[in-house]
Amino acid sequence: MAAASSSSFMHLAMFLTLFFFTVNATAKFDELFQPYWAADHFSFVGDAVNMKLDNYSGAGFSSKSKYIFGKVNIQIKLVEGDSAGTVTAFYMSSDGPKHHEFDFEFLGNTTGEPYVVQTNVYVNGVGNREQRLNLWFDPTKDFHTYSILWNQRQVVFLVDETPIRVHTNLEHKGIPFPKDQAMGVYSSIWNADDWATQGGRIKTDWTHAPFVASYRAFEIDGCECPVTTADIDNAKRCANSGGWWDQPVLSELNVHQSHQLIWVRANHMIYDYCSDTARFPSVPVECEHHRH
């Protein structure tokens, strides 16, 4: 009888522990985010939020609030195995045809081939600023932190706090910079086998579905913008808020970060729109002035 009671107690304890960790893990997600596409394609296991793609649907989540300036961190473990044809995206975006957008897109590949990370920047609805690189680790084996830092001087894309791209404010050169529209934070996974892997030559193998991306450690530290307030008023308030993101030390990369970015570009970059003379016979104007 004592053994049975002890066994029952242990099962109860295990259940309560599992319940606690599940609730604790999703509390931050539920505080900051909500599914906007295919809520039935989400699962919550341990400290991870899993989002899957199958031959019925992809899935996506969005932040409950929008922001102007700040930093977003999300830890992601990408789809394991044969992920060819799939795209997992983490990005910030405003609304409308003249929207701003900062993209991380993780392009799946066949087993054993490296994931490609594509970044892009849209300003006033105009993108076509793609850069692509191979990561220096296997992003499917463990969680890694992907971040976007945005202030009045620059947009910085970071992987495990290593900068991989900087989009600098060049308004003094007559080049628009995204600083006047509140942006939400989003992630999604979907089938893009018409272009994602080797230019669309490799298609999604649905026998390997579902394709699962896992997320944890959600952090947004920025100037939150009420939806009832006009963008122009939010932009003015956030620009004059004295937020940590606008401290002079963050107006440009420090020496160590600059060296890191140079290393990434020299060793891992495989495509830069600034160098694509077939697409852009005339060098895009911002490329003439960016130092990195």
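In the predicted model, the side chains of Arg279 and Glu130 form a salt bridge with an N to O distance of 2.9 Å. Arg279 belongs to the loop between strand E15 (269-272) and H4, whereas Glu130 sits in the loop between E8 and E9, so the contact ties together parts of the chain that are 149 residues apart in sequence. The two partners are partly exposed and buried, respectively: Arg279 has a relative accessibility of 35%, and Glu130 has one of 15%.

A salt bridge also involves the residue preceding Glu130 in number, with the side chains of Arg129 and Glu286 meeting at 2.8 Å, N to O. This pair likewise links distant parts of the chain, since Arg129 is placed in the loop between strand E8 (116-122) and strand E9 (131-134) and Glu286 in helix H4 (residues 285-289), 157 residues apart. Arg129 is buried, at a relative accessible area of 11%, and Glu286 is buried as well, at 6%. A further salt bridge joins Glu171 and Lys179 at 2.9 Å, N to O; here Glu171 is partly exposed at 34% relative accessible area, and Lys179 is partly exposed at 30%. The whole structure contains 7 salt bridges.

The search for disulfides returned 2, which follow the pattern 1-2, 3-4 when bonded cysteines are counted along the chain. Cys223, in strand E14 (residues 211-225), is paired with Cys238, in helix H2 (residues 231-239), 15 residues away, and the S to S distance is 2.1 Å. The torsion about this S-S bond is about -80°, so the disulfide is left-handed. Cys223 is buried at 6% relative accessible area, and Cys238 is buried at 0%. The sulfur of Cys225 has that of Cys238 as its closest cysteine sulfur, but the separation of 3.9 Å is too far for a bond; Cys225 is itself buried, at 4% relative accessibility.

The disulfide between Cys274 and Cys287 has an S to S distance of 1.9 Å and is also left-handed, because its torsion is about -75°. Cys274 lies in the loop between E15 and H4 and Cys287 in helix H4, so the bond connects parts that are 13 residues apart in sequence. Cys274 is partly exposed, at 22% relative accessible area, while Cys287 is buried, at 14%.

With regard to open space, the second largest pocket encloses about 210 Å³. Of its 16 lining residues, the closest to the pocket centre are Gly81, Gly112, Glu113, Asp138 and Thr140, and the lining comprises 5 nonpolar, 7 polar and 4 charged residues.

Terms used: Residues numbered from 1 in each chain as written. Predicted model: local features only at pLDDT ≥ 70, side-chain atom pairs only at ≥ 80, totals over all residues. Heavy atoms only, no water. 1 Å grid on protein atoms, 1.4 Å probe; cavity = no way out; pocket = protein on both sides within 12 Å on 5 of 7 lines; lining within 4 Å. Points joined across faces, edges and corners; volume = space filled by probe spheres on them. Nonpolar A, V, L, I, M, F, W, Y, C, P; charged D, E, K, R; others polar. Salt bridge = Lys/Arg side-chain N within 4 Å of Asp/Glu carboxyl O. Helix = DSSP H or I, 4+ residues; strand = E, 2+ residues; numbered from the N terminus. Buried < 20%, exposed > 50% of the residue type's maximum accessible area, 1.4 Å probe, protein only. Disulfide = S-S within 2.5 Å.
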